[in-house]
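Me: I should like a close look at a single part of this chain and at what surrounds that part. Please keep the account formal and connected.

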Amino acid sequence: MKPTLKSKPEAGRIIPNPPSALPAKSQAPQLKENPPCHLLVFGAHPDDIEFGCGGIAAQETHAGRPVHFVICSRGESGTNGTPAERTAEAEKAARLLGAMLEFIELDGDAHLEVRAAHAIKLAGIIRRTRPAIVLAPTLEQNQHPDHWRLGQLVRDAARLARYGGLAELTAQTSHAIGQLLFYAITSNAEPAGVQPVLIDVSTPAVMAAWTAAMEAHASQLKTRNYVELQLARARVNGSRCGTIAALALYPNDPLVFDSLASITRGARRF
Ligand SMILES: [Zn+2]
């Protein structure tokens, strides 16, 4: 299978989006066997990743760490934008962020159900891409139902990716990710009473790439300025920790550090 950016994407086809900021060796298209990616991000709809955690993806690719996006619908139930338009917007956004992009089909936009077959399918993607870190939408239910259902599926998939005896996946080597963290696409999706991990995304090049990637979803910006909304959320989080902009992530499990030396930077000024 040869990489192409022109034809209409099919489910499961991987679109290489080499970022200009990455070294040349990272720009080679790699389709059959993915190289281990540092960060694997799942989104239910074509714009979820960019609006929910695009700045973090930009930060990782600008540091030269491979990032892979998996989008689980074409946004066909949305009010604005056709599936083709939304696919093209996602492709453009992923290119701007320097991420690989892959569309898969589950139940379709607004029809996603939590079932074992889906979790196993996502586990197969985890085994193929072999990420250290996985991001998925939060599990809060006061948001688009596809979002929290996908979060549940990804959490299940992260477990199943590790289970050596799973009959459907015996062709792939099992894989244990390092961390699963959740991102909140809207403020309603932020888990109540949970302290987030704040990722400082203030670097101008990172902010510029993230902003451009959100603006790439032009069909979704007709009713409200969601770009400014997400930038405002990031600025608030930045103000919480004394920087320009930060994005919040919510770990599924305790984070583990080698020593206290890794956690000396805090949000509070005591
Ligand atoms: Zn969505």
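The request is made specific below, and one connected reply follows.

Me: Which helices and residues does helix H5 meet, and how is its contact with H2 composed by class?

Reply: The model is a predicted one, and the description below rests on values computed from it.

The setting comes first. The chain holds six helices and eight strands, arranged along the sequence in the pattern β-β-α-β-α-β-α-β-α-β-β-α-α-β. Of its 270 residues, 44% are buried. Among contacts with a separation of 6 or more, 79% join residues 24 or more positions apart.

Helix H5 covers residues 204-215, and helix H1 covers residues 48-62. The two pack at an angle of about 140°, and their axes lie 8 Å apart. That angle makes H1 oblique to H5, since only angles over 145 degrees count as roughly antiparallel. The crossing of H1 past H5 is right-handed. On the H1 side the contact is made by Glu-50, Phe-51, Gly-54, Gly-55, Ala-58, Gln-59 and His-62. On the H5 side it is made by Ala-205, Val-206, Met-207, Ala-209, Trp-210, Ala-213 and Met-214. Sorted by class, the contact of H1 with H5 has nine nonpolar, four polar and one charged residues.

The packing of H5 with H2 has an angle of about 175°, with the axes 8 Å apart. H2 and H5 are therefore roughly antiparallel to each other. Here Ala-93, Leu-96 and Leu-97 of H2 meet Ala-209, Ala-212 and Ala-213 of H5. By class, this contact has six nonpolar residues, no polar ones and no charged ones. Ala-209 and Ala-213 of H5 thus appear in the contact with H1 and also in the contact with H2.

H2 itself merits a further word. It comprises the 15 residues 83-97, which should span 21 Å at 1.5 Å a residue; the end C-alpha atoms are 21 Å apart, so the two values agree. Its buried residues are Arg-86, Thr-87, Glu-89, Ala-90, Ala-93, Ala-94, Arg-95, Leu-96 and Leu-97. Ala-93, Leu-96 and Leu-97 are thus buried, and they are the H2 residues that meet H5. The cover over the buried residues of H2 includes H1, strand E3 (67-71), strand E4 (100-103) and H5. Just after H2, Gly-98 adopts a positive phi of about 75°.

On the side of helix H6 (residues 226-240), H5 packs at an angle of about 145°, with the axes 9 Å apart. H5 passes H6 in a right-handed crossing. The residues that meet are Thr-211, Met-214 and Glu-215 in H5 and Val-227, Gln-230 and Leu-231 in H6. By class, this contact has three nonpolar, two polar and one charged residues. Met-214 of H5 takes part in the contact with H6 and also in that with H1.

The loop between E3 and H2 contains Gly-81. Gly-81 counts as buried because it has 21 C-beta neighbours inside 10 Å. Leaving aside residues up to four places away in sequence, Gly-81 touches Gly-75, Arg-86, Ser-219 and Gln-220. Arg-86 is one of the buried residues of H2. Gly-81 and Ala-218 are 137 residues apart in sequence, yet their C-alpha atoms are 8.7 Å apart in space.

Two further loops serve for comparison with the backbone at Gly-98. Most residues other than glycine have a negative phi. Ala-110, in the loop between E4 and helix H3 (116-129), has a positive phi near 75°. Ala-110 is partly exposed, because 15 other C-beta atoms lie within 10 Å. Arg-130, in the loop between H3 and strand E5 (133-137), has a positive phi near 50°. Arg-130 counts as buried, because it has 20 C-beta neighbours inside 10 Å.

In summary, H5 packs with H1, with H2 and with H6. The contact with H2 has six nonpolar residues and no polar or charged ones, whereas the contact with H1 and the contact with H6 each include polar and charged residues.

How values were computed
Residues numbered from 1 in each chain as written. Predicted model: local features only at pLDDT ≥ 70, side-chain atom pairs only at ≥ 80, totals over all residues. Axes fitted to C-alpha atoms, helices over the stretch in contact; angles between N-to-C directions. Helix = DSSP H or I, 4+ residues; strand = E, 2+ residues; numbered from the N terminus. Parallel < 35°, antiparallel > 145°, perpendicular 65-115°, else oblique. Left-handed = near helix turned anticlockwise from the far one by under 90°. Contact = placed C-beta atoms within 7 Å. Nonpolar A, V, L, I, M, F, W, Y, C, P; charged D, E, K, R; others polar. Expected span 1.5 Å × (residues − 1). Buried ≥ 20, exposed ≤ 12 C-beta atoms within 10 Å, placed from the backbone.
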